[in-house]
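Biologist: Could you take me on a close look at one part of this model, and then show me how the rest of the protein sits around that part? I would enjoy one connected walk rather than a list.

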Amino acid sequence: MGKEKKPAQQQQAEPSNKEQAAAMQKKGAQREPKAGQEEDVHTCCGCRFPLLLASLQLALGASVTVLGFLMAGISASLLVRDTPYWAGIIVCVVALLSLVMLCISYQPDEKTCIQFAIKVAYFLLSALSLIVCVLAVAFAAYRYLQITQFTCESVPEICQCKLDTVDPLSRTFLFQNVLDCADITSTFSLYLLIQIGLNLLAAIVGFAACFVMWKDRYQVFYVGIRFHSFSSPGGQQQKV
């Protein structure tokens, strides 16, 4: 009788062990795809996409701001639209906000209100920086085209420029605190070209930031459907 009970106990123990092993495999298979998806969402070619965009925004924003203040120092008569340091300041604020967002621990599906609020603010400010940088490019391009048509002459501490010297009613531009008109026709025009390039890059980065945040919200960085299969005790494959 004792010999007959042992095989029965072993038979009951074996199915329970198989069920535990199958349950462990299911848990492991469910965790691995989630971890893989998080890596796909937050990385691209081994680098963190948001961190790369934040670094580019900070570098471009600082460059535009410094160059804008240098342009403002050439003459006191320059308009605010001609010295787009304001565009650089907005881009720097967006970059700092993105760095704050990256310091917050990631929570899937917006489980924290702070993370959701910062994401929304970052998306809106990135869209605002995109619009502002496009405006800065337009203003700088318009002023550069005007300067290429200027005919300037120096007056003590004033540079007097005209668009058309033949027409007596042509508009005259006066730039105060300028000792040499070359500061306007040469230096300032070069700064405008650099501002066009920097603001154009900042606008592209702002658009990329909006795109990344929109895709991150819906988690569709990857293309196609991924199937993670494992062998079940019955020999069937399951999809996760």
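Modeller: Happy to. Let us start with Tyr-85, which, leaving aside residues up to four places away in sequence, touches Val-64, Thr-65, Gly-68, Phe-69 and Val-80. Keep in mind that this is a predicted model. Tyr-85 belongs to helix 3, which covers residues 85-103. One of the partners just named, Val-64, is 21 residues away from Tyr-85 along the chain, yet their C-alpha atoms are separated by 6.0 Å. Is Tyr-85 itself buried or exposed? Neither label fits: its relative accessible area is 21%, and buried means under 20%, so Tyr-85 counts as partly exposed.

From there we can turn to a charged pair. Asp-82 lies in the loop between helix 2 (49-72) and helix 3, and forms a salt bridge with Arg-143, with 3.0 Å between the closest N and O atoms. Arg-143 is part of helix 4 (residues 113-148), so this pair ties together parts that are 61 residues apart in sequence. Both ends are covered: Asp-82 is buried at a relative accessible area of 4%, and Arg-143 is buried at 5%. How many salt bridges does a search of the whole structure find? The search finds one.

Next comes the sheet. It is an open sheet of three strands in the order 3-4-5, with antiparallel pairing. Strand 3 (151-155) and strand 5 (172-176) are the edge strands, each pairing on one side only. From one strand to the next, the twist averages 20°. As a general point, strands of a sheet pair through backbone hydrogen bonds, in either a parallel or an antiparallel way.

Taking the pairs in turn, strand 3 and strand 4 run antiparallel and are joined by five bridges. These two strands form a hairpin with two residues between them, and Glu-157 in the turn has a positive phi of about 60°. Across this pairing, Glu-153 stands opposite Gln-160 in strand 4. On the other side, strand 4 (residues 158-162) pairs with strand 5, again in the antiparallel sense and over five bridges. There, Lys-162 stands opposite Thr-172 of strand 5, and Cys-161 has Phe-173 of strand 5 as its bridge partner.

Which residues of strand 4 point to the buried face? Cys-159 and Cys-161 point to one face and are buried, whereas Ile-158, Gln-160 and Lys-162 point to the other and are not. That fits the general rule that side chains in a regular strand alternate between the two faces of the sheet.

Those two cysteines bring us to the disulfides, of which a search of the whole structure finds two. Cys-161 is joined to Cys-152, with an S to S distance of 2.1 Å. The angle about this S-S bond is 110°, and the link of Cys-152 and Cys-161 is right-handed. Its two ends differ in cover: Cys-161 is buried with a relative accessible area of 0%, while Cys-152, at 26%, counts as partly exposed.

The other disulfide joins Cys-159 to Cys-181, with S to S at 2.3 Å. The torsion about its S-S bond is about 125°, so this disulfide of Cys-159 and Cys-181 is right-handed too. Cys-159 lies in strand 4 and Cys-181 in the loop between strand 5 and helix 5 (182-218), so the bond ties together parts that are 22 residues apart in sequence. Cys-159 and Cys-181 are both buried. Counting bonded cysteines along the chain, the disulfides follow the pattern 1-3, 2-4. Two further cysteines are worth a glance: Cys-92 is buried at 16% relative accessibility, and Cys-210 is buried at 11%.

Finally, we can step back to the whole protein. Its secondary structure comes to five helices and five strands, and along the sequence the pattern reads α-β-β-α-α-α-β-β-β-α. Of its 240 residues, 30% count as buried. Among contacts between residues at least 6 apart in sequence, 65% join residues at least 24 apart. The accessible surface comes to about 15100 Å², and 62% of that belongs to carbon and sulfur atoms.

Definitions and conventions
Residues are numbered from 1 along each chain as its sequence is written. This is a predicted model: local features need pLDDT of at least 70, side-chain atom pairs count only at pLDDT 80 or more; totals for chains, interfaces and linings use all residues. Side-chain values use heavy atoms; hydrogens and water are left out. Two strands pair if DSSP finds at least two bridges between them. Helices (H or I, at least four residues) and strands (E, at least two) are DSSP runs, numbered from the N terminus. Axes are lines fitted to C-alpha atoms, for helices over the stretch in contact, and angles run from 0 to 180 degrees between N-to-C directions. A disulfide is a pair of cysteine sulfur atoms within 2.5 Å. Buried means under 20% relative accessible area, exposed over 50%, partly exposed in between (1.4 Å probe, protein chains only). Contact means heavy atoms within 4.5 Å. Accessible areas come from the Shrake-Rupley method with a 1.4 Å probe; for residues, only the protein chains shown count as cover. A salt bridge is a side-chain nitrogen of Lys or Arg within 4 Å of a carboxyl oxygen of Asp or Glu.
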